[in-house]
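Q: I have a model open here and would like to go through its core and one of its sheets. Could we take it step by step?

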Amino acid sequence: MGDDEGDEKRSIKLGRRRKPSSSSLVKYILGVGGAALMLMIFHHGKNKGIIPPPPRLRAMTRTYLHQDWHKWSRRDFRAQFQCSHHLSVGKKSVPTLEYWQTLRDVYNSEVDSSVRFDDPVPPTQGYTLNENGAPPYYAKLSPGKGRGLFASRNIQEGELVDGIEGGTKSDMIFTTIDAMRRYLLALPAPMACDVLEWTYTQKIVKGGPPVLVVVSDISSLMNAAWDDDADPNVMPKDKTSSMLLYATRDIKKDEEILMSYGVFPGGIW
């Protein structure tokens, strides 16, 4: 046997390798993806730091690593994202415009691309409440409560403070629990923890099914009156609707606006 012929046979023999399984391919792709992300740590922009992975890649990676995500409860998400640590931070900053825009962009990417967040009032000021513009409040840190809302002017008893019949242009609506789960998996962990806190159940259409709602502006920061010496100063006028919150008494400028979370219907998740 000549050397050339032997080399050819050895090449053929070595070429007879078992095709990799689909799971091995996925692991390989994820490994390459992880390596690629490591190459993105150098960010030559105004804010230097790690470039976060795109939402779709983040969601795909998490669903691969946690294939039981369809069954996760809110408690499971809180444990996975270590929300107890995030929520224990005593001085969390008030969300920036970039923060709110990220929540909206991920919603368009992962849940509903047809929704347009085109309110002229920026989310850092709320939304268009009426002909006067934004609601009469602003966001800042609240002693002992974290972030909260405070009256930007004197508010009279009976005045509409928050809410629009039918919802606002900041609303992110989730008609299924799985849609909410996919959205959370696509977010950075601290944002996902915030969304878990801000999610509530609401009937958008009278007589319609309840859905999950997250409002992507500062109105999500409204705190409840937990202390015995503090009563809610905004409430719905009747128990059949929790969309519109009116001042239950005169509210002074810079006083914190407090509601009761009990006005919301029972959660579906």
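Q: This is a predicted model. Which residues touch the most other members of the largest nonpolar core?
A: They are L103, F174, M180 and Y183, in a core of 47 residues.

Q: Which elements give two or more residues to this core?
A: The helices are helix 6 (97-110), helix 7 (177-185) and helix 8 (189-198). The strands are strand 1 (137-142), strand 2 (146-151), strand 4 (171-174), strand 6 (211-215) and strand 9 (245-247).

Q: And which helix gives the most?
A: Helix 8 does, with six residues.

Q: Back to F174: what does it touch, leaving out residues up to four places away in sequence?
A: F174 touches Y107, V111, A179, M180, Y183, V211, L212 and V214.

Q: Now the sheet of three strands. What is the strand order?
A: The order is 4-6-5, in an open sheet with antiparallel pairing. Strand 4 and strand 5 (200-202) are the edge strands, each pairing on one side only.

Q: How many degrees does the twist average from one strand to the next?
A: The average is 40 degrees.

Q: How many bridges join strand 4 to strand 6?
A: Four bridges join these antiparallel strands. Within the sheet, I173 stands opposite V213 in strand 6.

Q: Where does helix 7 lie?
A: Helix 7 lies across strand 4 and strand 6, and runs at about 125 degrees to strand 4. Helix 7 and both of these strands are among the elements that give two or more residues to the core.

Conventions: Residues numbered from 1 in each chain as written. Predicted model: local features only at pLDDT ≥ 70, side-chain atom pairs only at ≥ 80, totals over all residues. Heavy atoms only, no water. Core = buried A, V, L, I, M, F, W, Y, C linked by side-chain atoms within 4.5 Å. Buried < 20%, exposed > 50% of the residue type's maximum accessible area, 1.4 Å probe, protein only. Contact = heavy atoms within 4.5 Å. Pairing = 2+ DSSP bridges. Axes fitted to C-alpha atoms, helices over the stretch in contact; angles between N-to-C directions.
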